[in-house]
There are 2 protein chains.
Amino acid sequence: MQTLDKTHPKLQELKTRLTEIDDINSASSLLYWDQATYMPPGGAAARGRQMATLRQIAHTKFSDPAIAQLLEDLRPYEESLPYDSDEASLIRVVRRSYERAVRVPADFMAKMSLHRTQSYGAWAKARPENNFAAVQPYLEKTLDLCRDYASFFSGYEHIADPLIDGADYGMKASTVRSLFAELRQELVPIVNAIASQPIADDSCLHQTFPEDEQLAFSLKVIEQIGYDFQRGRQDKTLHPFMTNFSIGDVRITTRVRENDLNEALFSTIHEMGHALYEQGINPEYEGTPLATGTSSGVHESQSRLWENQVGRSRNFWKFCYPQLQAAFPNQLSNVPLETFYRAINKVERSLIRTDADEVTYNLHVMIRFDLELALLEGNLAVRDLPEAWNERYRSDLGVVPPNDSVGVMQDVHWYTGSIGGMFQGYTLGNMMSAQFFEAALKANPQIPTEIEQGKFSTLHNWLRENIYQHGQKYTAAEIIERVTGNCLSINPLIRYIQQKYGEIYAL
Amino acid sequence: MQTLDKTHPKLQELKTRLTEIDDINSASSLLYWDQATYMPPGGAAARGRQMATLRQIAHTKFSDPAIAQLLEDLRPYEESLPYDSDEASLIRVVRRSYERAVRVPADFMAKMSLHRTQSYGAWAKARPENNFAAVQPYLEKTLDLCRDYASFFSGYEHIADPLIDGADYGMKASTVRSLFAELRQELVPIVNAIASQPIADDSCLHQTFPEDEQLAFSLKVIEQIGYDFQRGRQDKTLHPFMTNFSIGDVRITTRVRENDLNEALFSTIHEMGHALYEQGINPEYEGTPLATGTSSGVHESQSRLWENQVGRSRNFWKFCYPQLQAAFPNQLSNVPLETFYRAINKVERSLIRTDADEVTYNLHVMIRFDLELALLEGNLAVRDLPEAWNERYRSDLGVVPPNDSVGVMQDVHWYTGSIGGMFQGYTLGNMMSAQFFEAALKANPQIPTEIEQGKFSTLHNWLRENIYQHGQKYTAAEIIERVTGNCLSINPLIRYIQQKYGEIYAL
């Protein structure tokens, strides 16, 4: 591994400033983690203010013209270095973020931040009451703000591009649209074919599984896979997430449903996948913008690879099912492995994205992506959104939400101030997870056999070597090209789904 | 209650700046809380850096000359207001802190902060190895730094005064010395008289009490007393403390020893006392420097009042002992209340301050205070400190530490960069706790009877009304004068000890 140059004085000065900003951002992240795990209700009001304050200080420090000057002064040095040196990469990545940050006025950020909090509050209240009318004005303002945000990035091809680019650098609405169209064309016949079969019996997952025992089992699973508890921990929350405060402290959260074994188990493996990525970054990058996953899509590819390609595979459960049966003998000792395997891979056209299986999941995402584009383009009004949502669920998934709580109001994303940029990463991640997993198997064909034996280090090391260690050094497109020799493609995902579900459903 | 003026534009500007600083400080406190409760080991390196960064940003923002200008601009406004108006009090308290903050150069603060971390690390390693030689150079540097710190406050009477004043505003070494001399003169004969009696049997406290059950019981106790769990929580740590991130989020920590019922129970009540103070501050003060306890001594008076005057009283256990017996029937159902009462009030000349009973405790504190003064005066060299320590323990408490781990290295204070200013508050707090409790009983003679019935609201409300709500509005001296009509005195503490222990030990 290369190390970041500690000698060039301007680079050193830049790094000092970046580390200070990183410290502030890490404190912000801890404020959020605490809010989502342990904070008593009385802390809420001050907590919102504290997070906004820290975010604003970090933004001000990062948009300081002194940063621009340092980047300018460092240009000859950067140009003298190989593209993939750590030093050139740091300068390049910081320049990219800087140019993005200074386009957005500080007072707009503050307005957006305030609106986010208010909109989230309105949604949290309105959703259980199934009251879309109550959030409609917030959503209309969100749409206006997102359009305003895009306007700071003039010269875009599609109004959603600046929003998408913020999460998945280099991606455009047109590219996503065409990839999604291809994927959809392949997926729909598979979903239809499965839908014509009897629905899998997953009743074995819906017995009573005590919370503490589920948590203990999940922790045991991820410890065996390779999550480093010296540099992380798991806590309970309402909506599971991964967060980190340094490369040495990468935490995950989970939730448990006592009548659904899927929930804690697979959310834990999912968040662990995100965490392995962040735990695997080159420690030399600590405190710099290189020390983070490179895009929403690549991040999701790591959570989904471990959750699905590994965690829902038959080989994995050949190894792990005896442990699960030992943990829950009353519930599972009479359930054969094959029944369990089919239960955790049950495919069903359903209403809720986060509960969807890996075959239908991407159809849920595409609905949101298309509706976002229509809203941003001005081709769909917020007041018509619930109807458009329901119509798409009917046509794409053959189900109609009985109410908006489980329809257009189910996901938090639009209600925390983001229309555009937040959903495409899920499906891009699924595509990449299959693409990366194929490449890993090509390089190490023994991986499936190893998984069956409870050995995960070959896969983990391959991912660390090829993806994790680089952090944000390479873009998503560069990582895909380096790892697979190809550009992003739907084919590996389709091959994976055809092979796995073709076998399960005898298609 | 008065409310802080929201109309004077300069005061509003000052408050905006102060709230931003408070937000940063609250984030720092959360970084510390997390480090002491849940942080995995891998987070340590970055965490030290993050706390230092936030402290430095807060210091820089508070020492901004713009604050001086605002304070200057607000002087006529302040002088037009009554002394005890919230507005005048805020300006006064901020001016006092500002004048203190700007005396100390930022680079000195950074040097001190770095040395603190290094010194703590050396102590944490050396203490279990009983290796004073390893910490001696750190302690010598600490002494130099503390003397340098004092030198920024020229014109002091005693070199320890600036250090004492930082924790107990308005106190001087000479005042503390003379109060301590008086107290010592009264305490020594009592301690000697008790020492001539048979030692109390506290074996009932040293059975096995499972951790979870101890924690559950302690929480039940403080909930009944009046700790607000909507605005706080308890977590486990190594060295218990109270911290807060807003008036709405005041947390405590505890530790458990399974073979010692004293530990979790009384540390929980102690920290709860600190927390009731912070939870009881006027919510209008949120985000300003008024929203904190007014001095180290007054803070300690609240933890000790609830721990000792209430929590170790016979009346309290007349109410609470049946609950304790119900929680631990195997251990306590055959132990009479009186045996338990005498066990928790066992007096013994011992080595460890934090385990000391309320009669001998202050002698431990005075040893440290006197040694600190001698070090700062230059009358004692660090290399001679262990011998001086052991000699004082022999003469004052009749015990000699078998090694430095349980002698001069037992307390963390000197090893985290503070010689001077940290110990006097413990004994000042004990004196005040008795003084305040006497005043509360004078105003509400029914309090002991109420405690026996499990009713704590009269006492709690009296403390909130007279002490808590004011936060830092009044100095310690002002609070004592307002509440008791007298100045700080040793007499109530001596009366309390004579009465309680005279009865227990039939003196």
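In this predicted model, helix 10 of chain B passes helix 11 of chain B in a right-handed crossing. The two helices cover residues 211-225 and residues 261-279 of chain B, and their axes come within 9 Å, crossing at roughly 35 degrees. On the side of helix 10 of chain B, the contact is built from Gln214(B), Leu215(B), Ser218(B), Val221(B), Ile222(B) and Ile225(B). Helix 11 of chain B answers with Ala264(B), Leu265(B), Thr268(B), Ile269(B) and Met272(B). Sorted by class, this contact has 8 nonpolar and 3 polar residues, and no charged residues.

One member of that contact, Met272(B), turns up again when the nonpolar core is considered. The largest nonpolar core holds 253 residues, and among these Met272(A) and Met272(B) touch the most other members. What does Met272(A) contact, leaving aside its neighbours within four places in sequence? The partners are Ile222(A), Ile225(A), Tyr227(A), Ile252(A) and Trp306(A).

Stepping back to the chain as a whole, chain A has 22 helices and 3 strands. Its C-alpha trace spans about 70 × 50 × 50 Å along the principal axes. How does this chain fare against the expectation for a compact globule? For 507 residues such a globule would have a radius of gyration near 23 Å, and because chain A has 23 Å, the two agree. Of the 507 residues of chain A, 44% count as buried. Contacts in chain A often reach far along the sequence: among those between residues at least 6 apart, 72% join residues at least 24 apart.

The next topic is the interface between the chains. Here 31 residues of chain A are in contact with 31 residues of chain B. On the chain A side, the elements giving two or more residues are helix 1 (9-37), helix 2 (44-62) and strand 2 (242-246). Helix 1 of chain A gives the most, with 8 residues. By class, the side of chain A that touches chain B has 14 nonpolar, 9 polar and 8 charged residues.

Helix 1 of chain A also holds Glu20(A), a residue worth a look of its own. Is Glu20(A) buried or exposed? With 21 other C-beta atoms within 10 Å, against a threshold of 20 or more, Glu20(A) is buried. Not counting residues up to four places away in sequence, Glu20(A) touches Lys61(A) in its own chain and Thr53(B) in the other. Glu20(A) and Val221(A) are 201 residues apart in sequence, and their C-alpha atoms are 36 Å apart in space.

Gly407(B) offers a second buried site, this time in a loop. The residue sits between helix 17 (385-397) and helix 18 (424-443) of chain B. Gly407(B) has 20 other C-beta atoms within 10 Å and is therefore buried, since the class begins at 20. Its contacts, not counting residues up to four places away in sequence, are Pro386(B), Trp389(B), Asn390(B) and Pro401(B). From Gly407(B) to Glu271(B) the separation is 136 residues in sequence and 25 Å in space, C-alpha to C-alpha.

Ser313(B), also in a loop, lies between helix 12 (296-310) and helix 13 (314-327) of chain B. Because Ser313(B) has 19 C-beta neighbours inside 10 Å, this residue counts as partly exposed. Ser313(B) and Leu351(B) are 38 residues apart in sequence and 24 Å apart in space, taken C-alpha to C-alpha.

Backbone geometry supplies the last pair of residues. Most residues other than glycine have a negative phi. Asn130(A), however, is not a glycine and has a positive phi of about 55 degrees. This residue lies in the loop between helix 6 (106-126) and helix 7 (132-151) of chain A. With 14 other C-beta atoms within 10 Å, Asn130(A) is partly exposed. Ala506(B) is not a glycine either, and has a positive phi of about 50 degrees. Where is Ala506(B) found? The residue belongs to the segment after helix 22 (491-504) of chain B. Ala506(B) has 7 C-beta neighbours inside 10 Å, so this residue counts as exposed.

Note on methods: Residues are numbered from 1 along each chain as its sequence is written. Chains are lettered from A and ligands numbered from 1 in the order in which they are written. This is a predicted model: local features need pLDDT of at least 70, side-chain atom pairs count only at pLDDT 80 or more; totals for chains, interfaces and linings use all residues. Axes are lines fitted to C-alpha atoms, for helices over the stretch in contact, and angles run from 0 to 180 degrees between N-to-C directions. Helices (H or I, at least four residues) and strands (E, at least two) are DSSP runs, numbered from the N terminus. A crossing is left-handed if the near helix is turned anticlockwise from the far one by less than a right angle, and right-handed if clockwise. Two residues are in contact if their C-beta atoms, placed from the backbone, lie within 7 Å. Ala, Val, Leu, Ile, Met, Phe, Trp, Tyr, Cys and Pro count as nonpolar, Asp, Glu, Lys and Arg as charged, and the others, Gly among them, as polar. The radius of gyration is taken over C-alpha atoms; the globule rule is 2.2 Å times the number of residues to the power 0.38. A residue is buried if 20 or more other C-beta atoms lie within 10 Å of its own, exposed if 12 or fewer, and partly exposed in between; C-beta atoms are placed from the backbone. A nonpolar core is a set of buried Ala, Val, Leu, Ile, Met, Phe, Trp, Tyr and Cys residues joined through C-beta atoms within 7 Å.
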